[in-house]
Amino acid sequence: MPLNVTNGSDQIIQNAGSWYAYDNNSIFLPRNGGTCQRYAGTSQDDVTHINWLPMRADLLSVTGNGTNLAFSMTGDGEVDISCPDDIGC
């Protein structure tokens with residue numbers, strides 16, 4: 001489930017701390033909930049993260065270090081991953 005984040009300005013989600021599942025305006029929370037931090041900026045950090053989930057997907061877990069990423073989910077569809085420019089996906 002995405003948690004939509006708005007702040008009334010031109011800033012987007014720069015990163016979500018050590019949680020690697022977010023897009024410009026949403027943090028993709030795991031099925032069982034959890035906590036994460038959100039940092040705003042004018043561009044996203046150049047780290048590997050889930051950038052989009054299918055509508056009927058349930059995210060179970062995400063682990064990463066900014067370069068490597070592992071996740072599990074239930075459901076069907078394609079997941080979009082954003083990767084640093086220097087390593088690609």
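Let me begin in the middle of the protein, with the largest nonpolar core, which has 15 residues, and in which W19, A21, I27, I50, L59 and V62 touch the most other members. Two strands, namely strand 3 (26-28) and strand 6 (58-64), each supply at least two residues of this core. Please keep in mind throughout that what you see above is a predicted model.

Now let us step back to the whole chain. How many helices and how many strands are there in the protein? There are 0 helices and 8 strands, so that, from the N terminus on, the elements run β-β-β-β-β-β-β-β. The radius of gyration is 12 Å, and because this is close to the 12 Å that the globule rule gives for 89 residues, the protein is as compact as a globular protein of that length. The C-alpha trace, followed along its principal axes, spans about 35 × 30 × 20 Å.

Of the 89 residues, 31% count as buried, while the surface that the protein exposes comes to about 5,600 Å², with carbon and sulfur atoms supplying 45% of it. If we take the contacts with a separation of 6 or more, 51% of them are accounted for by residues 24 or more positions apart.

Let me turn to one pair of strands. Strand 6 and strand 7 run antiparallel, and 6 bridges join them. Within this pair, T63 has A70 in strand 7 as its bridge partner, and L59, which we met a moment ago as a member of the core, stands opposite M73 in strand 7. The two strands form a hairpin with 4 residues between them, and in this hairpin G66 takes a positive phi near 100°.

M73 deserves a slower look. The residue is found in strand 7, which covers residues 69-74. Is M73 buried, partly exposed or exposed? Its relative accessibility is 23%, and since buried means under 20% and exposed means over 50%, M73 counts as partly exposed. Not counting residues up to four places away in sequence, M73 touches L53, P54, A57, D58, L59, L60 and V79. As for L53, which is 20 residues away from M73 along the chain, the C-alpha atoms of the two are separated by 9.6 Å.

Two of the residues that M73 touches, A57 and L60, can be followed a little further. A57 is found in the loop between strand 5 and strand 6, and because its relative accessibility is 9%, A57 counts as buried. With residues up to four places away in sequence again not counted, A57 touches M73, T74 and G75. For A57 and G75, the separation in sequence is 18 residues, and yet their C-alpha atoms are 4.4 Å apart in space.

L60, for its part, lies in strand 6, and with a relative accessibility of 38% L60 counts as partly exposed. Leaving aside its neighbours within four places in sequence, L60 is in contact with P30, R31, S72, M73 and T74. The C-alpha atoms of L60 and L29 are separated by 8.5 Å, although these two residues are 31 residues apart along the chain.

Next comes T48, which is found in the loop between strand 4 (39-41) and strand 5 (49-52). Is this loop residue, T48, buried or exposed? T48 counts as buried, because its relative accessibility is 4%. Which residues is T48 in contact with, once its neighbours within four places in sequence are left aside? They are Y20, G66, T67, L69, I81, S82, C83, P84 and I87, and you will recognise G66 among them from the hairpin of strand 6 and strand 7. With T67 we can be more specific, for a polar atom of the side chain of T48 lies 2.8 Å from the backbone oxygen of T67.

Finally, let me show you C36, which is found in the loop between strand 3 and strand 4. C36 is partly exposed, because its relative accessible area is 31%. If residues up to four places away in sequence are not counted, C36 touches A16, W19 and I27, and both W19 and I27 are among the core residues with which I began. C36 and W19 are 17 residues apart in sequence, whereas in space they are 6.4 Å apart, C-alpha to C-alpha.

Terms used. Residues numbered from 1 in each chain as written. Predicted model: local features only at pLDDT ≥ 70, side-chain atom pairs only at ≥ 80, totals over all residues. Heavy atoms only, no water. Buried < 20%, exposed > 50% of the residue type's maximum accessible area, 1.4 Å probe, protein only. Polar contact = N/O pair within 3.5 Å; in protein donor to acceptor, adjacent residues only side chain to side chain. Contact = heavy atoms within 4.5 Å. Rg over C-alpha atoms; globule rule 2.2 N^0.38 Å. Areas by Shrake-Rupley, 256 points an atom, 1.4 Å probe, with all protein chains shown as cover. Core = buried A, V, L, I, M, F, W, Y, C linked by side-chain atoms within 4.5 Å. Pairing = 2+ DSSP bridges.
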